Number of protein chains: 10
Amino acid sequence: MTINEISQKLLDAKYRSKLSFAQIGEAIGRDEIWIAALCYGQASANETEAKHVLGVLGLSLDLFPSLCQSQSKGLGPSVPTDPLIYRFYEIMQVYGYPMKAIIHEKFGDGIMSAIDFTMAIDKVEDPKGDRVKVTFDGKFLPYKKW
Amino acid sequence: MTINEISQKLLDAKYRSKLSFAQIGEAIGRDEIWIAALCYGQASANETEAKHVLGVLGLSLDLFPSLCQSQSKGLGPSVPTDPLIYRFYEIMQVYGYPMKAIIHEKFGDGIMSAIDFTMAIDKVEDPKGDRVKVTFDGKFLPYKKW
Amino acid sequence: MTINEISQKLLDAKYRSKLSFAQIGEAIGRDEIWIAALCYGQASANETEAKHVLGVLGLSLDLFPSLCQSQSKGLGPSVPTDPLIYRFYEIMQVYGYPMKAIIHEKFGDGIMSAIDFTMAIDKVEDPKGDRVKVTFDGKFLPYKKW
Amino acid sequence: MTINEISQKLLDAKYRSKLSFAQIGEAIGRDEIWIAALCYGQASANETEAKHVLGVLGLSLDLFPSLCQSQSKGLGPSVPTDPLIYRFYEIMQVYGYPMKAIIHEKFGDGIMSAIDFTMAIDKVEDPKGDRVKVTFDGKFLPYKKW
Amino acid sequence: MTINEISQKLLDAKYRSKLSFAQIGEAIGRDEIWIAALCYGQASANETEAKHVLGVLGLSLDLFPSLCQSQSKGLGPSVPTDPLIYRFYEIMQVYGYPMKAIIHEKFGDGIMSAIDFTMAIDKVEDPKGDRVKVTFDGKFLPYKKW
Amino acid sequence: MTINEISQKLLDAKYRSKLSFAQIGEAIGRDEIWIAALCYGQASANETEAKHVLGVLGLSLDLFPSLCQSQSKGLGPSVPTDPLIYRFYEIMQVYGYPMKAIIHEKFGDGIMSAIDFTMAIDKVEDPKGDRVKVTFDGKFLPYKKW
Amino acid sequence: MTINEISQKLLDAKYRSKLSFAQIGEAIGRDEIWIAALCYGQASANETEAKHVLGVLGLSLDLFPSLCQSQSKGLGPSVPTDPLIYRFYEIMQVYGYPMKAIIHEKFGDGIMSAIDFTMAIDKVEDPKGDRVKVTFDGKFLPYKKW
Amino acid sequence: MTINEISQKLLDAKYRSKLSFAQIGEAIGRDEIWIAALCYGQASANETEAKHVLGVLGLSLDLFPSLCQSQSKGLGPSVPTDPLIYRFYEIMQVYGYPMKAIIHEKFGDGIMSAIDFTMAIDKVEDPKGDRVKVTFDGKFLPYKKW
Amino acid sequence: MTINEISQKLLDAKYRSKLSFAQIGEAIGRDEIWIAALCYGQASANETEAKHVLGVLGLSLDLFPSLCQSQSKGLGPSVPTDPLIYRFYEIMQVYGYPMKAIIHEKFGDGIMSAIDFTMAIDKVEDPKGDRVKVTFDGKFLPYKKW
Amino acid sequence: MTINEISQKLLDAKYRSKLSFAQIGEAIGRDEIWIAALCYGQASANETEAKHVLGVLGLSLDLFPSLCQSQSKGLGPSVPTDPLIYRFYEIMQVYGYPMKAIIHEKFGDGIMSAIDFTMAIDKVEDPKGDRVKVTFDGKFLPYKKW
C-alpha cells in the first residue's frame, strides 16, 4: 500500500497528537471510522469539516482542498497481504455465498449498499480473550425490474 | 463459482422443501449462517449433525461423510463478480486500512480471528428502505512476541 | 464465457422461435434488456414471470425454479475478449475518471447505482452509418457520513 | 491511479478557478466530458484548443504541447477499485452479454465504436433520489466480410 | 485453448476433405482468412454462406445456426503460449508504441479499426528462406471531438 | 507505460524539431518505423547511427551509449489499455488461431520470425475514410526436427 | 521487494555493526526472528523495545515511532521470485493439502494460527551437508460452530 | 483444487477404512506426511510401496502405476483460499524476508532444499489450547560459484 | 496441466510398453526429446513418422492425424508449480538478464531461436551426486535493421 | 525491469571500461556468467571478490558491502517481455513436460538443482548462421522418502 502524501501527514500528526480517532471524531461530530476513512483518503469532507480536522491535528488549514476533492478510492492489492485485512477478505471468500443465500432468502434479489452504509467497531471484553465486534449497516437495494 | 455436487444436492433439496436456513437450523440447534456455510461446503459437521440436516432435507443419510470430511474452503474468483459479494470486497478495499487503524488503536497489534468467529445477518425494517445489518464477532488475537 | 445449461436452453429456444427479445418482453410486460439479462442468468424472475417466459419459448414450465433462484452474477473474464463487450470496458478505462469527475461535480461524492438501474439500447438511423445509443439510468447514491 | 503531472496541474488549476467542466467547455465550444477527458490525458487537443483551455485556467500557454501529443490512453488497474468507476465495470460484467445479444439482434454482427463516439451525463431530479443518466452514442461498425 | 464443438467438427471435416481454406473460400466467394475465422467461431455467416460451407465440407446442413448466431469472440489466454501466435503479441509489445507514434503522425489521434478490417497472408519465396507477409487493412477512425 | 529518460528526451526533441520519423530516417538511411522503435528503446543502433540521430535532433552526442546498449524490450502492461495498441492485441485474440491455421497450411509447422522482420505502415486514401495499411514481413522458421 | 526507509536504515546499521540478529535479540530479551521481523517492518515493538533496538544499532532514538505504529504487513509479490523464499512457497503448493489432511485428522476442522505463533531456525551440522531446521509453533484454532 | 481421480479413490478408501495416515504409514514403514503426499499425488512410490498402500486400503493392486509415474506437482491456486493453507502462505509473506536474512546470516548465500527435505507435524497439548508444531528439515544448498 | 486425450494415450502406451523415449526414438530415427515433445503435443510429425510411433507403441495407426495437425503449443500455468519445471523458470528469472548481457556482448542485439533449435539432456555420473546436463542449441537471430 | 542502483553503476562502469564479462572474470578467477549475475545483483561475492571486481571497473572499493549482502533475487515480470529472455520462457512452456518426462526416466523422481548449478554460453560459428549453445549443469536431487 502506498498512501498519498496528505494521508501520511494526517496520520503522522495524529500520532504526535496522541488523539484517538474517536477523540478527533467527537471534536467535529463524526464517528471514529469516518474520521479514519477520511485520513486514508477514502471519504471526502466539506470545507468546514476539513478545516476542523486540520485544526484539531495542528495542521495548516490551507490543506483543506485535499480533503474535499474527488479522489480515487480503494487501497492496496487485489488480494490483501496484511493479515488483519486479509481476514475480512477470507470471510468474503468463505462466507460470501452463504451470506448471499441468506440475504436473498430474507430480502429477495438485491444487495447491501456499501455507499448508503455505516460501520462500527467495538471492543467486547471477555475473560477468555477480548472480542472484536464489527457491525455493517447498509441499505438493502433490490434489483429493479423494468 | 462451481460448487461441488453435494452442495448442489443440498441447495436443491432446500429449494424443494421450502424451508429457510433458519428453519433447518432450528431443527438441529444451529444458526442459519452456519447451516448455509455447511451447505456450501465451507463448514464441517459431525456425524450426528450431518445426518440431522440430511434427514430434514429428505436426503439419503448415506451422504453424511461428505458433510464431515476435510475439504478445501474458499469459493469463487479472487475478485468476486457477483454484485452482492463484491460489496463486501469493496468494503475491505475502501475501509480495510481505516479498520486496521481503529483496531490497532483499540486492541494493539493483532487481528480479528475469522476462525473463532460467528456472524449474524439481520433485517432492520425502515420506511426509507429496509437495511441489512451484518455483525461479525471474532476473537482478538494479539501478535505473540518471543 | 461458459453460460449455464438453462441459459443455453433459453437462447436456443429463442433462436428457433425467431422471436426477438422485445417480442418476448412484450408478451410478459418487461423490457427487452431485462429479458436478455434473465436469459443469461443475470436477473431473477418471480414464478409467474418465469413460467410466462418459458411458455412463450415453448419450454417445459417445470424449469421455472432455475429462473427464480439466487445465482452468482457476472460473466466472462476480468478483461473481456469479445470486441463488442471490450468497447464498454475501454470506455470505463478511458473515460472512467473523467466521468467520476463530472458526476462528483454535479452530484457530490457518491456513485450511480448499478442495482436501482435500468438501461435501454436504441438504433438511431444515420445516412453516414447507423448509431448505437445506450442509456444508463441509475439512482445517485451519496456516501453516507456518520 | 497515477495521473501524469500535466493532468495534476490542470485539475488543481480547475479547483482553484472554481470553474466547472461545463464552464470551461463553453468558453472553447466543447462538451464538458471532452474537457474532462482532455484534463485526464485521455483526449488530445489542437494547438488552438489547448491554448484556450490553458488560458481559461490561468496556466502558462507554453504547456500546450502536452495537450496535443500522442499519449498512452487508459487509466487505473484492470479491475477498478474506485466504487463509482467499478459500477460501470459491473454493468459490463453483468449486462455485457445481454447487451451484445440485443445489439446483434438489432444491428447484426459488429460493435458500437468507442472512437466515433460521444457521451453525455445528465442529472435527472427525482423526489425519491436524483438519478444519473449516462448516454453513449457510438457508430455501429459491422464486421467486414471479405 | 478450448475451441467449441462446432469448430472442432468443421476443422476435422476440413482435414478429412484435404481442402485448403482457400479452396473452401473459392467455392463460396470468400477469402481464406475469413473462412478460417468462421471455422474458429470468430466470424458469423449468413444462412446461405453457412450452408454453403457445410455442404463443401460434407457436414449436415442442419448445423447452420451455429455459424450464424452471436457468439463470444476471442480465443486463448491473455498472453498466448503458442509460439506462432506469441510472435504477434511480441510485435505489439515491442513495436506497439512506435506504431502508435507513426499512425498519430500520419493520421492524427485515432485508431486503425479491427472491425472495418481485412487481412491477407502471403508466402513470399526467398532462396534464403521463405517469408511470411501479413497485411492488415483497417479503416482509420479519428477520435470524435464534441 | 513508463518510457525511460532517454526515450523521453528523444521524443521531446523530435516534437520541438517538427521532423517526422520519416525525415529523421531519411537523414540516416533507415525506415521510419525502425527510427520510432529506436526512440522508444526497442531497437539498438551502432555508434554511427546513434550519433547521427542525436545530431539530427540537436541532442548531445555524448548520449550515444544509451542508444547502443543491450536493454530490456517490451513496453506497457500485458493487456494494453491504449485503444490503438489494443486493436492489434484484439487482432491476435480474434484472428490468432485462424492465422496459425493458414500459416500451417501454407508453410508447415513453424512461425513467422519477429526478429528477422520488418514492418511498414502506409496511409491509403479512400473517400469513405482513409485506411491504415500495416505490412509485416518476417522470415518463416520451420520447427527443427532432430 | 521494496522495503521502507526505516527498514533500510535498520538493516544498514546492523550490517555496519557486525551484530547478528541473535546478538541484538539477546540485548533486549527477544528472539532473533522477532528482531528480523521487526527490522523488516513485519512486527511492532513497544516504545521501550524500539528505543533499545535503536540504541544497540547506534541509531537516533527519535526514530522509535516508526517501530511502534500500525503498518501494512506482507512483503514481495504474490508468488515470490527469490529462490530461498520460493522454496517455502513450493512447500505450501506441494505439501499444503497433505498438511491440511494431517492436521484435520489430528485436531479436527481448524487452522494453525499464524498470529499466536513463534518460529525458530536452527543449523544442524551434518557431514553430508548442514541442514536447516525450521520449527513453527502455532496455536490450533478450531472453527467455531454456532 | 481439483485432485485427480486416483487421489480421490485413495482418500475415499482411507475414510472408509478409518485408518489414520500414521497407521497406513506404519504398515509400510513410511511417515504419515509422506503417505498423505502420496495420496494427493505429490510423491511417487516404487511398485512395492504402491501395492502395499493399495492393499492396506483394500483397493485393486492394478492401480499401482498411477502411484509410480511422473506427474505434475503443485495443487491449488497461486494464492490459496483455504484458511489453513493460507496461514502457511501468510507466514511466507510476513516472515519470508526475515527468514532469508537469518538463514543468510547463519549459512551464507543459499537455500533450504524442498527436495532433500522431510517434515513432521506434532500435536502439543496445552491447557490454554493445543498447539500445532510443524518442523521442516531441509539440506542447506549453498550457491555454487564458478 | 491437462494434457489432451491423444497425449494421454501415447504416454499410457509408452508406460505399458516399458520402452524409453530413446528406444522409441531409435526405432524411427529421432531424438528422445523430440519424441517426448511429440507425445505431449508440442511437436508435429509427418504421416510416416506418426504411423511409425503409433506402431511401436501398439496403438491404432488411424490416430495418425492427431500427431500431424497444427495444434496450440504451450503447457501449464504461466508460472509453473511443478518443482522440476519451476527450476527452469527460476533460471530464467535469476539468470535471464545476465544471459541477455552475455549474448549481446558475444553476438550483438538479437535472440537465440527456440524454433531452429535442438536440445539434449544427459546424465553425468558423479560420486558426489549425479548431475543433469542440459544443452540448448539454437540459431542466433540478429535483429534486422531496415 | 528496474535494476538497483549498484547494478546500474557496475554496468555503466563496465560499458566505459570496454571490458567483456569474460575479461573481468579472468581478472578475478571467475566465469563470465557468474560475473554477469553478480553485476545484476543475482549472486553475492565475498569481500575479496567484491573489491577485486570494483577495482577492475575503477569503482570505489567502499561499495563492496552491496555486493556481499543478502538480497532478493529474481528480475522482471512473471512472464518476460524481452524477446531474448522470453525464448527461454517459451522453451520451459513448450518443452517443460517433455524434459520432466526424460529426467524422470533417466534419474527417477526429483529435480535438477538451480543452486548447485553452473551455466555456460558459447558461440558456435556456422556458415548458415552462428548458433548459441547454452549448457546447464545442475546436481540431480532425488525426492527424499521418509
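Four strands make up an open, antiparallel sheet that runs E1(G)-E2(G)-E2(H)-E1(H), and that is a good place to enter this predicted model. The edges of this sheet are strand E1 (110–124) of chain G and strand E1 (110–124) of chain H, each of which pairs on one side only. On average, neighbouring strands here are turned by 20 degrees against each other, direction ignored. From there, the briefing visits a second sheet, the make-up of chain A, and the contacts of chain E.

**The sheet of chains G and H**

- Within chain H, E1(H) and strand E2 (residues 131–142) run antiparallel and are joined by 11 bridges.
- Which residue is the bridge partner of H:Ile111 in E2(H)? The partner is H:Leu141.

**The sheet of chains C and D**

- Chains C and D also contribute to an open sheet of 4 strands, with the order E1(C)-E2(C)-E2(D)-E1(D) and antiparallel pairing.
- Its edge strands are E1 (110–124) of chain C and E1 (110–124) of chain D, and each finds a partner on one side only.
- The twist from one strand to the next averages 20 degrees.
- Strand E2 (residues 131–142) of chain C and strand E2 (residues 131–142) of chain D run antiparallel, with 9 bridges between them.
- If you would like a landmark along this pairing, look for C:Gly138, which stands opposite D:Val132 in E2(D).
- Helix H6 (residues 83–107) of chain D packs on the sheet, where H6 touches E1 and E2 of chain C as well as E2 of chain D.
- The direction of that helix makes about 20 degrees with the direction of E1(C).

**A look at chain A**

- Chain A has 6 helices and 2 strands.
- Following the sequence of chain A, you meet the elements in the pattern α-α-α-α-α-α-β-β.
- The domain assignment splits chain A into domain 1 (5–68) and domain 2 (83–142).
- Taken over C-alpha atoms, the centres of domain 1 and domain 2 of chain A are 26 Å apart.
- The C-alpha trace of chain A spans about 50 × 50 × 30 Å along its principal axes.

**Where chain E meets chain F**

- In this interface, 69 residues of chain E are in contact with 69 residues of chain F.
- Chain E and chain F bury about 6900 Å² between them, and carbon and sulfur atoms give 69% of that area.
- How many salt bridges are found across the interface of chain E and chain F? There are 10 salt bridges.
- One salt bridge joins E:Lys14 to F:Glu105, with the closest N and O atoms 2.8 Å apart.
- The interface of chain E and chain F also holds 30 residue pairs in polar contact, both residues being at pLDDT 80 or more.
- Several elements of chain E each supply at least two residues to the side that touches chain F: helix H2 (21–28), helix H3 (32–39), helix H6 (83–107), strand E1 (110–124) and strand E2 (131–142).
- H6(E) provides the largest share of that side, with 23 residues.

**Where chain E meets chain C**

- Here the contact takes 12 residues from chain E and 9 residues from chain C.
- The area buried between chain E and chain C is about 850 Å², with 52% coming from carbon and sulfur atoms.
- On the chain E side, E:Gln69, E:Ser72 and E:Lys73 lose the most area to chain C, together giving 43% of what that side buries.
- Between chain E and chain C, the count is 0 salt bridges, while 2 residue pairs, both at pLDDT 80 or more, are in polar contact.
- Helix H5 (residues 64–68) of chain E gives the most to the side of chain E that touches chain C, with 3 residues.

**Salt bridges over the whole structure**

- Side chains of opposite charge can pair when their charged atoms come close.
- Over all chains, a search of the whole structure finds 110 salt bridges.
- Among them is a salt bridge between the side chains of E:Asp137 and F:Arg131, at 2.5 Å from N to O.
- This pair crosses between chains, with E:Asp137 in strand E2 of chain E and F:Arg131 in strand E2 (residues 131–142) of chain F.

**Chains that do not touch**

- Chain F and chain G do not touch, and their nearest C-alpha atoms are 16 Å apart.
- Chain D and chain H have no contact either, their closest C-alpha atoms lying 18 Å apart.

Notes:
Residues are numbered from 1 along each chain as its sequence is written. Chains are lettered from A and ligands numbered from 1 in the order in which they are written. This is a predicted model: local features need pLDDT of at least 70, side-chain atom pairs count only at pLDDT 80 or more; totals for chains, interfaces and linings use all residues. Side-chain values use heavy atoms; hydrogens and water are left out. Two strands pair if DSSP finds at least two bridges between them. Axes are lines fitted to C-alpha atoms, for helices over the stretch in contact, and angles run from 0 to 180 degrees between N-to-C directions. Contact means heavy atoms within 4.5 Å. Domain bounds come from an automatic or database domain assignment. Buried area is the accessible area (1.4 Å probe) that two parts lose on being put together, summed over both. A salt bridge is a side-chain nitrogen of Lys or Arg within 4 Å of a carboxyl oxygen of Asp or Glu. A polar contact is a pair of N or O atoms within 3.5 Å; within protein, one must be able to donate a hydrogen and the other to accept it, and residues adjacent in sequence count only if both atoms are side-chain atoms.
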